[in-house]
Amino acid sequence: MRQAGRYLPEYRRVRARSGNFLDLCYTPEAATEVTLQPVRQFGMDAAILFSDILVVPHALGQVLDFVDGEGPRLEPFMAVEGLSLAGLHDALAPVYETVRRVEGALPKSVALIGFAGAPWTVATYMVEGGSSKDFGAVMGLAYSEPDRFAALIDLLVEATVGYLERQIEAGADVVKLFDSWAGVLPEDGFARWVIEPTRRIVAALKAAHPETPVIGFPRGAGRLYERYAIETGIDALALDTAVPLATAAVLQRRLPVQGNLDPVLLVTGGDPLRRATAAILDTLASGPFVFNLGHGILPTTPPEHVVALAAQIRAWPEGGAGG
């Protein structure tokens with residue numbers, strides 16, 4: 001999950017100099033700096049590109065703003081005909097430049113993870129106009145006008161493939177698809193709007209860049225995680241905090257897993273953090289596994305807790321189940 005952010009004083013200083021959040025995402029020098037900060041400070045094994053999933057609808061032509069204390073705000077959804085792929089890569093060129101700069105600055109032993117929002121999740125923001133509690137607008141559109149909604153998903157599939165291909169060409173070693181709102185859909189909707197678009201994206205990326213792993217994160221998918229893993233063609237599966245470790249171990253027999261520490265435990269620190277970390281390591285670290293949070297790092301996280309977590313992971317298995 002995102003490594004840089006408001007929990008880091010160094011990030012806050014760069015953010016203050018950058019104006020609004022989008023300016024930070026689109027300024028390669030600043031975005032490179034905040035991407036590298038956690039690697040320098042904590043010795044991470046991979047860097048995660050600093051950007052946002054909503055740069056894609058912004059590049060397609062939807063007006064976007066980030067409001068302090070509120071989050072993203074998008075203009076009311078336009079018809080698909082009002083969006084265009086024509087200027088996509090020109091608009092996203094600063095992101096590709098950030099990838100090139102980060103790749104050039106990282107030690108060869110540190111991987112670079114690029115990412116994009118999956119079509120369903122990006123579409124929820126586009127249709128709702130921002131964050132949502134009930135997803136009534138986007139679910140209503142998908143139910144009442146499925147052909148129109150499918151046209152939006154198709155556009156996002158094409159844009160996402162091109163976006164991730166350019167990140168790979170610029171130096172990303174791995175790419176990840178964030179489907180943060182996958183869990184709000186019933187199974188038939190999950191199959192149509194989560195699994196199928198993801199399968200198409202993965203297939204296109206594998207055709208162009210077969211050596212580049214793709215991680216999928218269908219947050220909240222619950223019992224549908226396994227179906228997602230089987231049908232999408234992803235190379236690794238990121239798990240949210242609600243996935244039991246016993247279930248994670250079963251999924252791990254099929255493909256590498258990533259996760260799934262509760263970000264609140266990283267805020268809490270101390271024995272609760274150590275015990276939870278030890279449980280994850282003892283259950284999953286003997287198989288193909290990337291230790292990660294189950295969602296994004298919280299702004300109230302003390303950096304010293306990240307230091308302690310990294311030290312515990314590096315010391316495993318000496319710490320054992322007792323942490």
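## Close-up views of a predicted model

**View 1. Strand S8 and its partner S7.** Let's start inside the sheet: S8 is mostly covered, with 5 of its 5 residues buried. This view, like the others here, comes from a predicted model. S7 and S8 run parallel and are joined by 2 bridges. To find the pairing by eye, look for Ala-238, which stands opposite Gln-258 in S8. Helix H12 (residues 245–252) lies across S7, strand S8 (257–261) and S9, and the angle at which H12 runs to S8 is about 170°.

**View 2. The open sheet as a whole.** Stepping back a little, we see an open sheet of 7 strands with parallel pairing, in the order S1-S4-S5-S6-S7-S8-S9. Which strands stand at the edges? They are strand S1 (46–48) and strand S9 (289–293). Each of these has a single partner strand, so one side of S1 and one side of S9 are left without a neighbour in the sheet. On average, and ignoring direction, neighbouring strands of this sheet are turned by 25° against each other. As a reminder for this view, strands of a sheet pair through backbone hydrogen bonds, either parallel or antiparallel.

**View 3. Strands S6 and S7, with helix H10 on S5 and S6.** Strand S6 (residues 214–218) pairs with strand S7 (residues 236–238) in the parallel sense, over 2 bridges. A handy landmark is Gly-216, which stands opposite Leu-237 in S7. Helix H10 (residues 187–208) lies across S6 as well as strand S5 (174–179). Relative to S5, H10 runs at about 165°.

**View 4. The hairpin of S2 and S3.** Here is an antiparallel pair: strand S2 (residues 64–67) and strand S3 (residues 71–74) are linked over 4 bridges. Leu-64 can be found opposite Leu-74 in S3. The two strands form a hairpin with 3 residues between them. Which residue in the turn has a positive phi? Look for Gly-69, whose phi is about 80°.

**View 5. Helix H7 against helix H9.** The axes of helix H7 (residues 119–128) and helix H9 (residues 146–170) come within 10 Å and cross at roughly 120°. H7 and H9 are therefore oblique to each other, and H7 passes H9 in a right-handed crossing. From H7, the contact takes in Pro-119, Trp-120, Val-122, Ala-123, Met-126 and Val-127. H9 contributes Phe-149, Leu-152, Ile-153, Leu-156 and Val-157. How do the residues of this contact of H7 with H9 divide? There are 11 nonpolar, no polar and no charged residues.

**View 6. Helix H3 against helix H6.** H3 and helix H6 (residues 93–105) pack at an angle of about 45°, and their axes are 9 Å apart. That angle makes H3 oblique to H6. The crossing in which H3 passes H6 is right-handed. On the H3 side, look for Pro-28, Glu-29, Ala-31, Thr-32, Thr-35 and Leu-36. These meet Pro-94, Glu-97, Thr-98, Arg-101, Val-102 and Ala-105 in H6. The residues of this contact of H3 with H6 divide into 6 nonpolar, 3 polar and 3 charged.

**View 7. Gln-37 in helix H3.** Staying with helix H3 (residues 28–42), we turn to Gln-37, which has its place in this helix. Is Gln-37 buried or exposed? Its relative accessibility is 5%, so Gln-37 counts as buried. Not counting residues up to four places away in sequence, Gln-37 touches Leu-8, Glu-10, Tyr-11 and Val-14.

**View 8. Ala-59 and Ala-91.** This last view follows two alanines in contact with each other. Ala-59 sits in helix H4 (residues 55–60), while Ala-91 lies in helix H5 (residues 88–91). Ala-59 has 10% relative accessibility and so counts as buried; Ala-91, at 31%, counts as partly exposed. Leaving aside neighbours within four places in sequence, the contacts of Ala-59 are Ser-84, Gly-87, Leu-88, Ala-91 and Leu-92. With its neighbours within four places in sequence likewise left aside, Ala-91 is in contact with Tyr-26 and Ala-59. The C-alpha atoms of Ala-91 and His-58 are separated by 8.4 Å, although these residues are 33 residues apart along the chain. Between the C-alpha atoms of Ala-59 and Thr-268, 209 residues apart along the chain, the separation is 38 Å.

Notes: Residues numbered from 1 in each chain as written. Predicted model: local features only at pLDDT ≥ 70, side-chain atom pairs only at ≥ 80, totals over all residues. Heavy atoms only, no water. Axes fitted to C-alpha atoms, helices over the stretch in contact; angles between N-to-C directions. Parallel < 35°, antiparallel > 145°, perpendicular 65-115°, else oblique. Left-handed = near helix turned anticlockwise from the far one by under 90°. Contact = heavy atoms within 4.5 Å. Nonpolar A, V, L, I, M, F, W, Y, C, P; charged D, E, K, R; others polar. Buried < 20%, exposed > 50% of the residue type's maximum accessible area, 1.4 Å probe, protein only. Pairing = 2+ DSSP bridges.
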